[in-house]
Amino acid sequence: MLRVKPKVVRTSLAKIPTGIQGLDELTGGGLPKGRVTLVCGRAGCGKSLLAMEFLVHGAVRYGEPGVCMDFEETEEKLTVNVASLGFDLRELSKRKKLVVDYVSIDRSQIAETGEYNLDGLFIRLAQAVKAIKAKRVVLDSVEALFSGIADSAILRSELRRLFRWLEDQKLTTIVTGEAGDRTLTRHGLEEYIADCVISLDHRVTEQISTRRLRVVKYRGTSHGTDEYPFLIGEDGISVVPITSLVLTHRALTERISTGIATLDEMMEGKGFFRGSSVLVTGTAGTGKSSLAANFVSAACARGELCLYFTFEESPSQILRNMRSVGLSLEKWIKKGLLHFNAMRPTSTGLEGHLAVIHKQIIQLRPKVVVIDPITNLISASGSYDVKSMLVRLVDFLKVEQITSMFTNLTFAGDPQERTAAAVSSLMDTWIVLRDSKPNGRPRRELYVLKSRGMKHSREARELVVSKRGLELGIVLRDHPQATTVEGTSTAAAAK
Amino acid sequence: MDKKPSADMKKSAAKKQTAKASRSDFYRLRLYIAGQTPNSIAAIANLKKICEEKLQGKYRIEVVDLLEKPQLAKGDQIIAIPTLVRRLPPPVKKIIGNLSKTESVIVGLDLQPAR
């Protein structure tokens with residue numbers, strides 16, 4: 001029997017990192033090496049910045065000098081623009097790591113008198129590349145040529161030749177292009193780009209601006225086709241990727257205390273799983289923040305770094321309030337274990353928040369993260385966006401094996417299933433807090449609605465908040481939801 | 001974009017410039033080419049012919065081959081090849097192409113008919 005062995009040709013492209021946070025994860029390693037990538041979008045979408053970051057990171061971090069042919073901005077202007085992001089172009093060009101060549105095209109000065117080609121441009125580029133042995137090239141934005149060169153047939157064939165030349169020279173290149181009405185770029189540059197096309201977008205909805213990035217095409221690479229939010233911050237672009245395109249994070253078996261001994265008891269006497277996500281919902285004043293603060297305090301006592309995002313109260317307000325329930329958080333701040341980050345939910349778009357949260361987590365590498373409350377984020381955007389954002393965030397936290405707690409405010413009479421529906425499925429543990437007034441005496445109740453991977457108590461207990469802290473009281477037999485117990489937890493039974 | 005003339009101007013050119021620069025109708029032209037391509041050769045021939053007809057005795061042509069002096073491309077912002085730059089009289093004018101369309105060259109360089 002004759003069997004022809006199919007030749008497996010591995011055509012997976014070699015990639016080089018852009019150095020832009022998130023983009024390299026998203027593309028599985030960066031841009032295709034030695035190929036031309038198109039970055040397109042409308043004016044002000046951040047394409048030039050992305051391209052410059054690619055060059056600067058290449059020169060600084062990866063030992064790959066770069067050439068920028070800029071058709072729009074002079075060297076001086078560009079230097080000033082990127083200096084605000086902490087890049088010193090002058091220094092880099094002095095060290096022969098970077099060349100910026102401003103190509104000016106003034107139509108009014110140019111008359112056409114017969115055949116020509118763009119050898120002048122080629123020679124300039126080749127000269128610059130040779131001078132610093134460049135490995136990376138940026139052409140920003142080559143479309144400006146369309147305004148200067150009347151004969152678009154010549155221009156198009158010359159662009160084709162230019163891109164082929166760049167690839168022959170094994171130069172990894174970013175070409176930027178202005179978005180057209182119906183096409184990716186106004187002049188159809190995407191026709192010439194075979195390997196990688198990235199589209200940037202900048203939208204304003206309800207007065208909140210969001211920037212998004214999409215990998216339109218990436219030959220030979222599986223890539224997310226979703227739109228990913230990105231942020232232009234103090235140190236450049238950071239893209240918020242879905243860190244795991246597949247669910248492969250390792251589930252830890254280690255348990256950590258909730259910070260309240262009696263709550264631990266309800267969870268097999270051991271508390272949460274490390275790396276799990278915890279949702280705490282409750283009506284106003286039921287003690288959500290107190291619960292979160294106890295959790296954080298216990299983590300700090302174990303010597304773990306905690307990051308607390310607050311959207312409603314200032315850190316000092318939280319500290320004061322927690323003192324009243326017998327919890328001193330100041331000492332953890334002084335020891336550098338507890339970090340607060342207070343933001344107004346509407347101060348930036350949802351993506352902005354997500355990007356900030358990501359960045360902070362990457363910088364600090366905490367073991368525990370609290371977001372208090374996510375309700376305010378929901379108000380900042382549609383619930384669909386919130387869900388996709390939280391999916392990303394929860395995924396990211398799990399991959400990083402960070403234990404996270406999210407609080408969510410529910411409203412009296414509002415079926416909590418609805419408000420939390422968008423997010424609860426992402427959560428491993430869901431703790432419900434509520435007010436009730438049996439016999440006219442108001443009290444707080446707590447029960448664990450779900451907790452994956454453990455045999456938890458499903459009984460409601462009274463939550464007692466006093467100067468001595470949070471404690472769980474007696475099992476409340478009269479709770480309707482709490483009576484549907486699958487099996488009394490051992491801890492609760494022992495009690 | 002109007003950079004000063006490059007330092008490596010030919011000595012003879014510099015001399016002639018001082019001798020004739022005062023005359024406002026003197027044309028100093030610089031033609032950029034890249035190797036001996038058909039377009040380059042055509043441009044040189046076309047330019048000589050037009051100048052002889054229109055500017056007899058009142059012009060100087062300098063041919064710059066960018067394959068030999070690539071660093072000169074930046075100063076005059078050369079993109080297309082061939083490019084002809086009218087350096088004098090001011091203002092600087094640029095025309096591109098092999099100069100085969102004589103009428104366009106005359107208009108582009110703003111040449112007065114020979115007197």
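The following questions and answers concern a predicted model.

Visitor: What share of the residues in chain A is buried?
Guide: Chain A holds 16 helices and 23 strands. Its accessible surface comes to about 21,900 Å², and carbon and sulfur atoms own 50% of that. Of the 495 residues in chain A, the buried share is 57%.

Visitor: Among contacts in chain A with a separation of 6 or more, what percentage joins residues 24 or more positions apart?
Guide: The count takes in contacts of chain A whose partners have a separation of 6 or more. Within that set, residues 24 or more positions apart account for 69%.

Visitor: How far apart are the end C-alpha atoms of helix α5 of chain A?
Guide: Helix α5(A) covers residues 119-132, which is 14 residues. At 1.5 Å a residue the helix should span 20 Å, and the model agrees with this because its end C-alpha atoms are separated by 20 Å.

Visitor: Which element of chain B helps to cover the buried residues of α5(A)?
Guide: In α5(A), 10 of the 14 residues are buried, among them F122(A), L125(A) and V129(A). From chain A, the cover includes β4, β5, β7, α6 and α7. From chain B, the cover includes α3 (72-75).

Visitor: Which residue just after α5(A) takes a positive phi?
Guide: Helix α5(A) comprises residues 119-132. Just after the helix, a phi of about 50 degrees is taken by K133(A).

Visitor: Which residue of β5(A) stands opposite V67(A)?
Guide: Strand β5(A) is largely enclosed by the rest of the structure, because 4 of its 5 residues are buried. It runs parallel to β4(A), with 5 bridges joining the two. Opposite V67(A) stands V99(A).

Visitor: Which strands form the edges of the open sheet with the order β6(A)-β4(B)-β3(B)-β1(B)-β2(B)?
Guide: This sheet has 5 strands, and their pairing is mixed. An edge strand pairs on one side only, and that holds for β6 (110-112) of chain A and β2 (59-65) of chain B. With direction ignored, neighbouring strands are turned against each other by 25 degrees on average. The edges are therefore β6(A) and β2(B).

Visitor: What angle does helix α4 of chain B make with β4(B)?
Guide: Helix α4(B), residues 102-109, packs on the sheet and touches β6 of chain A as well as β1, β3 and β4 of chain B. Two of these strands, β1(B) and β3(B), pair in the antiparallel sense over 5 bridges, and Y32(B) stands opposite T83(B). Between the directions of α4(B) and β4(B) the angle is about 165 degrees.

Visitor: Is S297(A) buried or exposed?
Guide: S297(A) lies in helix α9 of chain A, residues 288-301. Leaving aside neighbours within four places in sequence, its contacts are L327(A), L329(A) and W332(A). Its side chain makes a polar contact of 3.3 Å with the side chain of W332(A). The relative accessible area of S297(A) is 11%, and buried means under 20%, so S297(A) is buried.

Visitor: How many residues of strand β19 of chain A are buried?
Guide: T403(A), M405(A), T407(A) and L409(A) point one way from the strand, while S404(A), F406(A) and N408(A) point the other way, and all are buried. Strand β15(A) runs parallel to β19(A) over 6 bridges, and β18(A) does so over 4 bridges. V278(A) stands opposite M405(A), and I371(A) has F406(A) as its bridge partner. The strand is largely enclosed by the rest of the structure, because its buried residues number 7 of the 7.

Notes:
Residues are numbered from 1 along each chain as its sequence is written. Chains are lettered from A and ligands numbered from 1 in the order in which they are written. This is a predicted model: local features need pLDDT of at least 70, side-chain atom pairs count only at pLDDT 80 or more; totals for chains, interfaces and linings use all residues. Side-chain values use heavy atoms; hydrogens and water are left out. The expected span of a helix is 1.5 Å times one less than its number of residues. Buried means under 20% relative accessible area, exposed over 50%, partly exposed in between (1.4 Å probe, protein chains only). Contact means heavy atoms within 4.5 Å. Accessible areas come from the Shrake-Rupley method with a 1.4 Å probe; for residues, only the protein chains shown count as cover. Axes are lines fitted to C-alpha atoms, for helices over the stretch in contact, and angles run from 0 to 180 degrees between N-to-C directions. A polar contact is a pair of N or O atoms within 3.5 Å; within protein, one must be able to donate a hydrogen and the other to accept it, and residues adjacent in sequence count only if both atoms are side-chain atoms.
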